[in-house]
Amino acid sequence: MRRLLIRPGAIGDFLLCLPAMERLRAARTEVWAASRNLPLARFADRSRAIAATGLDLVGLPDVAPPAGLLDELRRFDSIVSWYGAGRAEFRQAVAGLPFRFLAAVPPAGAGVHAADYYLRQVGGSGEAVPRLDCPAVEGGFVAIHPFSGSASKNWPLDRYRELARRLGLPVKWILERGGARVEGVRAEPFTDDLYELACRLAGARLYIGNDSGITHLAAAAGAPVLALFGPTDPAVWAPRGPKVRVVATGRPGESMELIGLTEVLETAQTLAG
């Protein structure tokens, strides 16, 4: 059995889908995903960036897909795709190929965690916990990643700075290369290889961050994680793991300003031991 798994989306989306994809592993498994996520597909025999395959051109009017792409797709016995489910023109263009389309986002009101939803899509059951196999090395530091893909999901930066000051532990600020900076602090170099970053975070005594892909990465690597949630629903999107704690506003959609420093500090101190 030669199977292709196509999973678009950001870091967190990919990680929450990881248990489902691992369940679909066949004799030979290939994964097509966003280029940044490819190092996380460690179970696959081969991985490729969706953009490099030209898949996004399939079904576009007056645009021919790359030569040989459809023939390449025909070589798979099974194609499970979280890409293209909402693109009728794409589905029409690949009609006759062994595609199985799955929804890339849980429907509103599904009442289930995203990781469990994806696992159920492929016939699995139970609690889905994304895991990355990283060496267990205790680094003795607290990692703080104070940003996310949306400013509305970010706890105020001045509170992060005060939290770092009060923790009384060595802090490494995890900041993306070319992204926002934190004035007056030295940032930990942010590697482009997400698996390498995951293994760095695995050695943290504690990781603290917002609802972001890097927070999901730290949880999957096995680090103790304190995740802060406001606009998004932690019942659906919280990172999973035995060492994960969530501090959230009273209801999804509320401002991150409502999360107090004292509550975060006390929870962090408990997790850090």
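In this predicted model, the side chains of glutamate 254 and arginine 251 come together in a salt bridge, with 3.6 Å from N to O. Arginine 251 sits out in the open: its relative accessible area is 59%, so it counts as exposed. Elsewhere, salt bridges with shared partners tie Arg2, Glu30, Arg46, Arg48 and Glu72 into one network. The full count comes to 13 salt bridges. The general idea is simple enough: side chains of opposite charge can pair when their charged atoms come close.

Helix 7 offers a neat example. Glutamate 162 forms a salt bridge with arginine 165, at 2.5 Å from N to O, and glutamate 162 also meets arginine 166 in a salt bridge, at 2.9 Å. Why do glutamate 162 and arginine 165 end up about one helical turn apart? They are three residues apart in helix 7, which spans residues 157-167, and that spacing puts about one turn between them. Arginine 166 lies four residues from glutamate 162 in helix 7, again about one turn of the helix. As for how open these residues are, glutamate 162 is partly exposed at 21% relative accessible area, arginine 166 is partly exposed at 42%, and arginine 165 is exposed at 60%.

Now for the inside of the protein. As a rule, in soluble globular proteins, nonpolar side chains tend to be buried together. Here, the largest nonpolar core holds 55 residues, and those with the most contacts inside it are Leu40, Trp82, Leu132, Leu201 and Leu217. The elements giving two or more residues to this core are helix 1, helix 2 (18-23), strand 2 (28-33), helix 6 (114-121), helix 8, helix 9 and strand 10 (225-229). There is also a second, separate core of 23 residues, which includes Val142, Leu163, Leu167 and Val247.

Helix 8 (residues 194-201) is worth a look in its own right. Its buried residues are Leu194, Tyr195, Leu197, Ala198 and Leu201. Viewed down the axis of helix 8, these buried residues fall within an arc of 160°, so they line one face of the helix. What covers them includes helix 1 (11-16), strand 6 (142-145), strand 7 (171-174), strand 9 (206-210) and helix 9 (213-220). Leucine 201 shows this in detail: setting aside neighbours within four places in sequence, it is in contact with Ala143, Ile174, Tyr207, Ile214, Leu217, Ala218 and Ala223. At the start of helix 8, a side-chain oxygen of aspartate 193 comes within 2.9 Å of the backbone nitrogen of tyrosine 195.

Helix 9 is buried to a great extent. Seven of its eight residues are buried, so helix 9 is largely enclosed by the rest of the structure. The buried ones are Ile214, Thr215, His216, Leu217, Ala218, Ala219 and Ala220. After helix 9 comes glycine 222, with a positive phi near 100°. On the other side, serine 212 sits in the loop between strand 9 and helix 9. Serine 212 is buried, with a relative accessible area of 6%, and its side chain makes a polar contact with the side chain of threonine 215 at 3.2 Å. Not counting residues up to four places away in sequence, serine 212 touches His145, Phe147, Ser148 and Tyr207.

Several of the strands just named belong to an open sheet. In what order do its six strands run? The order is 8-7-6-9-10-11, and the pairing is parallel. Strand 8 (187-188) and strand 11 (244-248) stand at the edges with a single partner strand each, so one side of each has no neighbour in the sheet. Further in, strand 9 and strand 10 pair in the parallel sense over four bridges. Glycine 209 has alanine 227 in strand 10 as its bridge partner.

One last residue to visit is alanine 34, in the loop between strand 2 and strand 3 (46-49). With 29% relative accessibility, alanine 34 counts as partly exposed. Leaving out neighbours within four places in sequence, alanine 34 is in contact with Arg7, Gly9 and Ile50. Alanine 34 and valine 264 are 230 residues apart in sequence, and their C-alpha atoms are 33 Å apart in space.

Note on methods
Residues are numbered from 1 along each chain as its sequence is written. This is a predicted model: local features need pLDDT of at least 70, side-chain atom pairs count only at pLDDT 80 or more; totals for chains, interfaces and linings use all residues. Side-chain values use heavy atoms; hydrogens and water are left out. Buried means under 20% relative accessible area, exposed over 50%, partly exposed in between (1.4 Å probe, protein chains only). The arc is that of the directions from the helix axis to the C-beta atoms. Contact means heavy atoms within 4.5 Å. A polar contact is a pair of N or O atoms within 3.5 Å; within protein, one must be able to donate a hydrogen and the other to accept it, and residues adjacent in sequence count only if both atoms are side-chain atoms. A salt bridge is a side-chain nitrogen of Lys or Arg within 4 Å of a carboxyl oxygen of Asp or Glu. A nonpolar core is a set of buried Ala, Val, Leu, Ile, Met, Phe, Trp, Tyr and Cys residues joined through side-chain atoms within 4.5 Å. Two strands pair if DSSP finds at least two bridges between them.
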